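The following exercises practise the reading of a protein model. Each task is followed by a solution in steps.

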Amino acid sequence: MPHRSVLTHVLRACRPSLAALSLAALAVQAPAQTWSPNESQASAEAELIDYEFSQTRAQIAWNDTLGNLWVANVDRATGKFIPADGRGLVVDPDSMTFQDAQKTKNGPEWVPTAAGDILVHTKYVGRHTDGNSRIGVAVPRTDGTWTSTMLSDAVRKAPYGSNVVGDPASRISYVDNREVHYWAETASPASERRIADFPDSNYPVRHVICSRPDIPGTRAVVYPVTVNGVDQVFYRDFDSNSSQQLTFDAGQKYEVWMWCAPEYGHELVFFTLVDQTELRVYRKVSGQWTAVYSQPAPKGNQIFSPEPFTWNGRSFIFMAQSVRPNKFRSEVWISSIDATAPVFKRITPTEPLRTRTDPEVFITDAGPRIYFNKLTPDVSDSGRYKPCRKPNCSEGVWFADPGL
């Protein structure tokens with residue numbers, strides 16, 4: 001388009017009707033903004049695996065291969081990490097390693113509190129054995145440094161934190177070295193209770209996600225339990241320490257997430273991954289939890305690591321997908337939960353063929369960005385591709401603009 005002063009001169013030299021026609025022609029000729037699947041590198045650091053974001057602090061937390069717990073900043077304008085390798089500040093040198101994560105199945109986790117986000121993680125006292133594992137709690141000081149202590153002397157590992165913004169009584173769940181599940185108030189280790197009906201396992205317990213601590217029902221977790229051979233969704237209220245079965249329909253339920261949906265007045269909804277191929281969203285209708293939305297994966301694809309987030313008054317779910325004949329996660333997708341405003345699309349390129357795994361979201365100044373680890377797949381003796389999740393296969397952390 002011409003410089004404004006030149007355009008003004010041209011219009012003044014023309015009759016009004018011609019000026020209107022000229023503006024219309026310029027509008028038609030202006031290139032439209034188009035979106036297509038994309039990816040940009042946030043960090044080239046190969047060890048930066050299983051990082052977690054704090055949206056309010058604009059920071060990431062992660063463990064390196066030596067067991068250091070690191071915190072680094074995220075540039076809200078660009079989405080890049082500062083410093084680029086993620087090694088900003090060591091919060092705890094006795095945290096878990098990449099190899100430990102194969103046992104715990106998760107790394108450090110942010111926990112919102114009334115005083116801001118803190119970190120919980122698996123910490124070790126001595127050699128990195130299950131018997132030496134403890135729950136570490138790391139809290140930032142006003143001068144930018146951190147203090148890291150243990151929740152208690154009990155043998156515990158793999159903490160997951162509650163996710164209610166401004167929570168005055170945050171909670172964590174975790175397991176012992178026999179994979180028995182517990183929960184406790186973060187500020188009161190003596191409040192620990194067993195999650196009685198959750199089978200012993202290293203399966204993650206998902207805490208209810210909400211932007212407001214005043215919404216009833218957010219002091220709870222959701223998880224699957226096998227009932228008559230079918231995995232169904234259960235909900236446990238922390239205050240009553242009682243559970244309730246929420247689903248009774250067909251399909252093996254895995255990955256369960258419950259959150260406050262802004263498009264429904266912040267009422268609680270949840271989704272579950274069914275048979276590894278379908279996202280099924282439930283909402284209370286006339287007092288009964290009812291499936292109100294279903295999104296199947298493309299034929300031959302499988303869904304992994306789905307997780308909800310809210311932005312601009314709507315809820316979305318991001319996920320990784322595998323594409324037949326390969327059995328590793330090579331694409332990142334996004335879905336809405338509302339059939340009246342459907343979104344379901346691949347947001348990363350298909351080439352080069354890479355493992356794209358462990359997606360996470362961070363809201364930049366330009367909108368949501370979906371982050372993931374990008375790794376070069378191995379080639380088996382038969383010439384087929386197979387997944388590699390080790391740092392020596394990593395091409396770092398990348399992100400995609402989902403075009404919302």
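**Exercise 1. State how exposed Asp-275 is, and describe its backbone.**

Step 1. Asp-275 is partly exposed because its relative accessible area is 43%; buried means under 20%, exposed over 50%, and partly exposed in between, with a 1.4 Å probe and protein chains only.
Step 2. Asp-275 is found in the loop between strand S22 (267-274) and strand S23 (278-285). Strands (E, at least two residues) are DSSP runs, numbered from the N terminus, as are helices (H or I, at least four).
Step 3. Although Asp-275 is not a glycine, its phi is positive, at about 55°.

A note on the basis of these values: the model is predicted, local features need pLDDT of at least 70, side-chain atom pairs count only at pLDDT 80 or more, and totals for chains, interfaces and linings use all residues. Residues are numbered from 1 along each chain as its sequence is written, and side-chain values use heavy atoms, with hydrogens and water left out.

**Exercise 2. Determine whether Ala-58 is buried or exposed, and locate it.**

Step 1. The place of Ala-58 is the loop between strand S2 (52-54) and strand S3 (59-63).
Step 2. Phi of Ala-58 is positive, near 55°, in a residue other than glycine.
Step 3. With a relative accessible area of 8%, Ala-58 is therefore buried.

**Exercise 3. Describe the surroundings of Val-91.**

Step 1. Val-91 belongs to strand S6 (residues 89-92).
Step 2. The relative accessible area of Val-91 is 7%, so this residue is buried.
Step 3. Leaving aside residues up to four places away in sequence, Val-91 touches Leu-69, Val-71, Ala-138, Trp-146 and Ser-148; a contact means heavy atoms within 4.5 Å.

**Exercise 4. Analyse the pairing of strands S19 and S20.**

Step 1. Strand S19 (residues 230-237) and strand S20 (residues 242-245) run antiparallel and are joined by four bridges; two strands pair if DSSP finds at least two bridges between them.
Step 2. Phe-234 has Gln-245 in S20 as its bridge partner.
Step 3. The hairpin of S19 and S20 has four residues between the strands, and Asn-241 in this hairpin takes a positive phi near 55°.

**Exercise 5. Identify the cis peptide bonds that precede Pro-325 and Pro-352.**

Step 1. From Arg-324 to Pro-325 the peptide bond is cis, with omega near 10°. Pro-325 lies in the loop between strand S26 (314-323) and strand S27 (329-336).
Step 2. Glu-351 and Pro-352 are also joined by a cis peptide bond, with omega about 0°. The loop that holds Pro-352 runs between strand S28 (344-346) and strand S29 (355-364).

**Exercise 6. Describe the largest cavity and its lining.**

Step 1. A cavity is a set of points, on a 1 Å grid over the protein atoms alone, where a 1.4 Å probe fits but cannot get out; lining residues have an atom within 4 Å of a point.
Step 2. The largest cavity holds about 60 Å³ of space, a volume being the space filled by probe spheres set on the points, which are joined across faces, edges and corners.
Step 3. Its lining includes Thr-104, Tyr-160, His-181 and Asn-202. Strand S11 (157-161) and strand S13 (171-175) each supply at least two lining residues, and S13 gives the largest share, three residues.

Notes. On a 1 Å grid over the protein atoms alone, a cavity is a set of points where a 1.4 Å probe fits but cannot get out, and a pocket is an open set with protein on both sides within 12 Å along at least five of seven lines; lining residues have an atom within 4 Å of a point.
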